[in-house]
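This report covers the overall form of one chain and two backbone torsions in it. The sequence and structure come before the discussion.

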Amino acid sequence: MLTNAPRGTKDILPEQIDGWQYVENEIRKICAAYGYEEIRTPTFEHTELFQRGIGEATDVVEKEMYTFTDRGNRSITLRPENTASAVRAYLQNKLYASGNLVKLFYIGSMFRYDRPQAGRLREFHQFGVEALGEKNPALDTEIILLAWNFLKNLGLDELKLKINTVGCPACRPVYRQKLQHYFGDVRDELCNDCKSRLDKNPLRILDCKVDAGKDFMDEAPRIETCLCDECREHFAKVKELLTAANVDFTVDNRLVRGLDYYTKTAFEIQYTPLGSQSALAGGGRYDGLVEEIGGSPTPGIGFAAGIERILIALEKQNLVPSAQKKLDAFIVTAGSAAEVCGFQLLNNLRQKNIAATMDFAGRSMKAQMKQAAKSGAKFALIIGDDEVADKTVTVKNLETSAQETISVDEVITKIFS
RNA sequence: GCGGUCUUGGUGAAGUGGUUAACACGUCGGAUUGUGGCUCCGAUAUGCGUGGGUUCGAUUCCCACAGAUCGCCCCA
């Protein structure tokens, strides 16, 4: 118990950190290229921010949040996603004051109380971007391209980009009603989940896997038939620009985002080998969110990507580079006088940022040599009684086995410069 | 939240209702004087996820719980 991290959490160990840093560096690179700046928001927020931002009726808010009352009697929630926080920070810090489009990205832990699985943790890490203040469909495309190129550049194959439009407050209600009528007629044939979705969120019936094969699905009304002119043109433009950018995508009318704030463009990038947790990134436009949180009407669009999932995908394809951190030197000593000299030398080397270490366990010289070899150090710096007396060091090149004895004072200049 | 599978040392694992829980890797030590990578020798689980139960006796059978994993769900 004491030695087990809570269910759904994981330690990221030193041997895994290369992959994380690699992905984080790639994130920073591509965000710089696209003009997105990093923001870091608090790990927890007022519960109400998520209730309002994500939507009361969503699964995330209904049953997946880590919510507690703090000692000051505030209802606090560990962030289940970062879009609401980013928008809150945008408003609180008046980032809109620049008058320009505000482009942000973040990397951080998110928390959802879910049943853990490979690629699904209770504390997990997302990277995401948000662009606030512009409704141009070119921006939708920019965001999709950022996500797509990011994953492509990592070398992942078998990526699938799916896009859809979910309408806006003018046309979605119309579609919603149409669906309710349509599925209402075949209510008895729906699975139990979908029966309750019928009232809450009929759009979600469309991507139900239980009912997927049933006859009435094919005939279900399509959103295209209900879109208002603005949404139709917007979607057409996004598709046109994606095509111009030479990106393969499929329009999936069943792609419905689970968070209430999405409007118009919705997209998802899947990596099919991941099985049931195949969504690497997902996002879309959320033109109503800023207003919902208390700002003046401001369009926005963004996406989030799961870093653990990306790493699983990279591992599957052997794409995680291992940065070999080699030691420059391993100091080997024999005798207590030598140990002091060795320690001095160790300190001097480190002052010059030369990666060095020595044995502190009092092992035999032979054992120290073994360790030196195993450490990957290029040089063994050997100090025994003779060297102490002469103020010298025997430098052995562990790759070539060549060795020479030189003055201590010359070690840094002769060997490591 | 629902259903299935799994859980043996630092790692990969074999195995049995009953005296020493195989093997391999790793780790540590040694093979005479101050020198590694090869080879050889030796050491390395009072313990078989946790807690109960059945039994003369359980790591092996039963139950519960926990964790991992797969599918559902959800989503990144």
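Is Lys-264 of chain A buried or exposed? In this predicted model, Lys-264 is buried: 26 other C-beta atoms lie within 10 Å, and the cut-off for that class is 20 or more. The residue belongs to strand E9, which runs over residues 263–271. Its phi is positive, about 50°, although Lys-264 is not a glycine.

Asn-353 also has a positive phi, near 60°, and is likewise a residue other than glycine. Asn-353 sits in the loop that joins helix H12 (336–351) to strand E13 (356–358). With 9 other C-beta atoms within 10 Å, Asn-353 is exposed, since the limit for that class is 12 or fewer. As background, most residues other than glycine have a negative phi.

The table lists the neighbour counts of the two residues.

| Residue | Other C-beta atoms within 10 Å | Class |
|---|---|---|
| Lys-264 | 26 atoms | buried |
| Asn-353 | 9 atoms | exposed |

Chain A as a whole contains 15 helices and 16 strands. Its radius of gyration is 29 Å, whereas the globule rule gives 22 Å for 417 residues; the chain is therefore more spread out than a compact globule. The C-alpha trace spans about 95 × 50 × 50 Å along its principal axes.

Of the 417 residues in chain A, 35% are buried. Among contacts in chain A with a separation of 6 or more, 69% are between residues 24 or more positions apart.

Definitions and conventions
Residues are numbered from 1 along each chain as its sequence is written. Chains are lettered from A and ligands numbered from 1 in the order in which they are written. This is a predicted model: local features need pLDDT of at least 70, side-chain atom pairs count only at pLDDT 80 or more; totals for chains, interfaces and linings use all residues. Helices (H or I, at least four residues) and strands (E, at least two) are DSSP runs, numbered from the N terminus. The radius of gyration is taken over C-alpha atoms; the globule rule is 2.2 Å times the number of residues to the power 0.38. Two residues are in contact if their C-beta atoms, placed from the backbone, lie within 7 Å.
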